[in-house]
Amino acid sequence: MTNGFSHRPVLVDIVVELFRPVPPGVLLDATVGGGGHAAAILDALPQLHIVGLDRDGDALEAAAASLATYGDRASLHRARNDGLEQVMETLSLTQLSGALFDLGVSSPQFDRGERGFSYRNDGPIDMRMDQRADRSAADVVNGASESELVRILHDYGDERYAGRIAKAIIAARPLSSTVALAEVVRDAIPAPARRRGGHPAKRTFQALRIEVNDELGSLRRALEAAVAKLVPQGRCLVLSYHSGEDRIVKDVFRQAETGGCTCPPGLPCQCGAVRLGRELRPLKRRPASEEISQNPRAASAVLRGIERLEPQ
């Protein structure tokens, strides 16, 4: 694929089948990446057009190459997922037949040391999904206060040793390389804990990436906007890869399903809440062992979906 940006889409067959019943129209791929999910949807569902968003220029270049054969059925735009309303306004779109969010970092981003996402491949401490952005992970690592670092590592990485790691990072400043940062994090964690749960720096790098790219803030805004734009029987699907993302997806979908109803369970609603959608059952789907063996990074994936209801 163009510029080496090759990313294996997760749960692609299930994603296609879940979108099969939606009405003809436009499906928003809010994190188009290399275009893997988009191509599969366009192949299988001729009633749909794709509007793809991504803030990564390399990803968009690859998506443009992989989707070129679909002509005007695919339209690509450099934007964050919470910029979907502005993109729709530019295209004179008022409603969506579907929306897909494949969250987190893609394999090409992670594997390229120069992008700074990896604790294994040495490079600058960057982690910007949009390389035009001013603030990089190095700015956080070398400029944030100890309390700020603790908050970031705890809130976005569920890091048990956030305090120890924050102190170690400050003592080692300035840090400029991902491998050096990973070594500082590893050495700050007690030896017995290093032998559990994968690489010791995994949670720290995740937390810094989420902070630099405002991933969780933009996700909530984008999901709420996408659900609001769905036509009746339209669907929104989300692939999340860690608990922070999944909590937001569950919260947004639950709010849409209940309308924010505050009435006692089991009694008719008297508070005027308006339900926007129904969550798809089962509430979460995971990759099968065969897919995980072929693509180990799919192991943490959780797929959730919601269908828009007819107006009440």
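Visitor: How many disulfides does the structure hold?

Guide: A disulfide is a pair of cysteine sulfur atoms within 2.5 Å. The structure holds 0 of them. This is a predicted model, where local features need pLDDT of at least 70, side-chain atom pairs count only at pLDDT 80 or more, and totals for chains, interfaces and linings use all residues. Residues are numbered from 1 along each chain as its sequence is written, and side-chain values use heavy atoms, with hydrogens and water left out.

Visitor: Why is the sulfur of Cys 263 not in a bond?

Guide: The closest cysteine sulfur, in Cys 271, is 3.8 Å away, which is too far for a bond.

Visitor: And which cysteine sulfur is closest to that of Cys 271?

Guide: The one in Cys 269, at 3.6 Å, again too far for a bond.

Visitor: Is Cys 263 buried or exposed?

Guide: Buried means under 20% relative accessible area, exposed over 50%, and partly exposed in between (1.4 Å probe, protein chains only). Cys 263 has 18% relative accessibility, so it counts as buried. Cys 271 has 37%, so it is partly exposed.

Visitor: How many residues of strand S4 are buried?

Guide: Strands are DSSP runs of E, at least two residues, numbered from the N terminus. S4 spans residues 96–102, and 7 of its 7 residues are buried.

Visitor: Which strands pair with S4?

Guide: Two strands pair if DSSP finds at least two bridges between them. Strand S1 (residues 25–29) runs parallel to S4, joined by 3 bridges. There, Leu 28 has Ala 99 as its bridge partner. Strand S5 (residues 230–240) also pairs with S4 in the parallel sense, over 6 bridges. Here Gly 98 has Arg 235 of S5 as its bridge partner.

Definitions and conventions. Helices (H or I, at least four residues) and strands (E, at least two) are DSSP runs, numbered from the N terminus.
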